[in-house]
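Here's a quick briefing on how two chains sit together and how a pair of helices packs. Have a look at the structure, then read on.

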There are 2 protein chains.
Amino acid sequence: MMTATSTAAARARTPSAQPAAGRHEVAERIAGTLQLLQDHVAITRRIVRAGDSVYEAGERFGMLHVINSGFFKTINLAADGREQVVGLHFKGDWLGFDGIAAGQYGCDAVALDTGEVWSIRYDALLAACARHPQLLGVLHQAMSREITRDRDSLLSLCTLSADARVADFLRYWADAMAQRGLRHDQITLRMTRAEIGNYLGMTLETVSRALTRLSREQLIAFPERGRRDVQIPDVQALGAYVQRSLAPASTTLQ
Amino acid sequence: MMTATSTAAARARTPSAQPAAGRHEVAERIAGTLQLLQDHVAITRRIVRAGDSVYEAGERFGMLHVINSGFFKTINLAADGREQVVGLHFKGDWLGFDGIAAGQYGCDAVALDTGEVWSIRYDALLAACARHPQLLGVLHQAMSREITRDRDSLLSLCTLSADARVADFLRYWADAMAQRGLRHDQITLRMTRAEIGNYLGMTLETVSRALTRLSREQLIAFPERGRRDVQIPDVQALGAYVQRSLAPASTTLQ
DNA sequence: CGCAAAGTTGAGCGTCCTCAAGCAGCGTGG
DNA sequence: CCACGCTGCTTGAGGACGCTCAACTTTGCG
């Protein structure tokens, strides 16, 4: 199906969903980055609350931002008013790369709950990079990771059914938590169904139905009355569910 | 609709589809970049033919690549064999950013026809950037543009109907040609319907039907027998078509 | 010339969207 | 304190857009 070159699966790269590998590596990388910034660059710390924006589309670019804590979304705006959640961002992620080329930010970066961002003047950062090449490496890796993640989003969006996309979304969030040493057996979705749906390219009703189906299949559970908290007994089972939905019938064949 | 904050249209950033503005700027920027590379970095030139890959997923990262001529696609591979065209690339675009963070490329970069790529060792580039800060600026802008474009793809994918997506795809391609001073009233699609469909998140049949409908509406025409060449009498009309399909009925209301 | 690959078109169907109703949580004010 | 309204969430019924399957045509190449 699709434009498969038949050997695709055989030579596929290391899975982006590597189950538990590299948890500590990520946490350490983030700690190292934050330390590096603290030591060599002038930082402006800022506490944000849910709904606060770090920057907005059209604003003149001058700073990059690093998340020290909290959860953020980036929203792309089209000239005609369409808006699209294009990214979710956690501790250690950078915000604002989209502004470098255009000289102004291309999207809104909004806090999903209370958190702290470190803002760094781009020119000061470049100057610091000149003195500490390690810092430049960190910066480039962050941009590279951003590109990779955006493409993974495209892949999920185009190849997965609505239910699988929701499962993949939960898996992605839980993985991000696990990698950062945060609680990941139970996550609190800080987005409304409408926001999740927007991010995943579906309506809020479809999100709701998908969550209901996933909980019927015991892949997730809602411990509280308010269904914002999602319990994930087994993250790998979510990945398996995604795989299963790719091969509707022929799983055991061959 | 969606999660519109009602003022979205009012404060939307400058349109990503700025009609004809900045054509020469882009061509000049590209010429400047190529000159800069030529002057200060060791370059390996390579001629590629349709189907040749510049790099493949999983390959060890060590080089970045700049397109001197030709057309390229990047294909993302999932561990399970799903594959997805995640980007189209033209003269002046960079290839390989996705490899920086992981140490290995995360996708395939494949030539869509004959072209020339310049390959540059990443470490040598960084060394050159240290001597010529201007080069670093160019590099960052290219990465930033890549991020912006991926997000624009996400936006189109999530908010547009199949027909509008095809129209937007043609508009995007024509714009890219125009910006580079290439012929843009008639473009030659160097991809099969299946590839276009994969890129746009739809089947090849839907692509075919969309093209038929667009030609019925006189927005495009097929000058040759083989329907690979697409004539676009008025690029702006394609943009208008996309807008129209967003507001099914209420265009003149309010 | 003949075969394989690419493309077009049609019919039927399924997934997801639309529209609608009802419920739950929560802050406000009478 | 509870009615009230608001926002967010769930669930159902019906319909549409796009997918699947299939037949046929066209193009390109050995």
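Turn chain A by 180° with a shift of 0.0 Å along the axis and it lands on chain B with an RMSD of 0.0 Å (least-squares fit on C-alpha atoms of residues with pLDDT of at least 70 in both). That's the relation of a two-fold axis, and the chain A C-alpha nearest to that axis belongs to A:Ile147, at 2.8 Å. This is a predicted model, where local features need pLDDT of at least 70 and side-chain atom pairs count only at 80 or more, while totals for chains, interfaces and linings use all residues. Residues are numbered from 1 along each chain as its sequence is written, chains are lettered from A in written order, and side-chain values use heavy atoms, leaving out hydrogens and water.

**The interface**
- Chain A puts 64 residues into the contact and chain B 65 (contact means heavy atoms within 4.5 Å).
- The copies meet through the same surface, because 100% of chain A's interface residues are also interface residues in chain B.
- About 5,700 Å² is buried between chain A and chain B, 61% of it from carbon and sulfur atoms (accessible area lost on being put together, 1.4 Å probe, summed over both parts).
- Six salt bridges turn up across the interface of chain A and chain B (a side-chain nitrogen of Lys or Arg within 4 Å of a carboxyl oxygen of Asp or Glu).
- A:Arg151 forms a salt bridge with B:Asp98, with 3.3 Å between the closest N and O atoms.

**Helix packing in chain A**
- Helix α6 (residues 162–179) of chain A packs on helix α8 (residues 204–216) of chain A at about 75°, axes 9 Å apart (axes are lines fitted to C-alpha atoms over the stretch in contact, with angles from 0 to 180 degrees between N-to-C directions; helices are DSSP runs of H or I, at least four residues).
- That makes α6(A) roughly perpendicular to α8(A) (65 to 115 degrees).

Technical notes: Helix = DSSP H or I, 4+ residues; strand = E, 2+ residues; numbered from the N terminus. Parallel < 35°, antiparallel > 145°, perpendicular 65-115°, else oblique. Buried area = accessible area lost by both parts, 1.4 Å probe.
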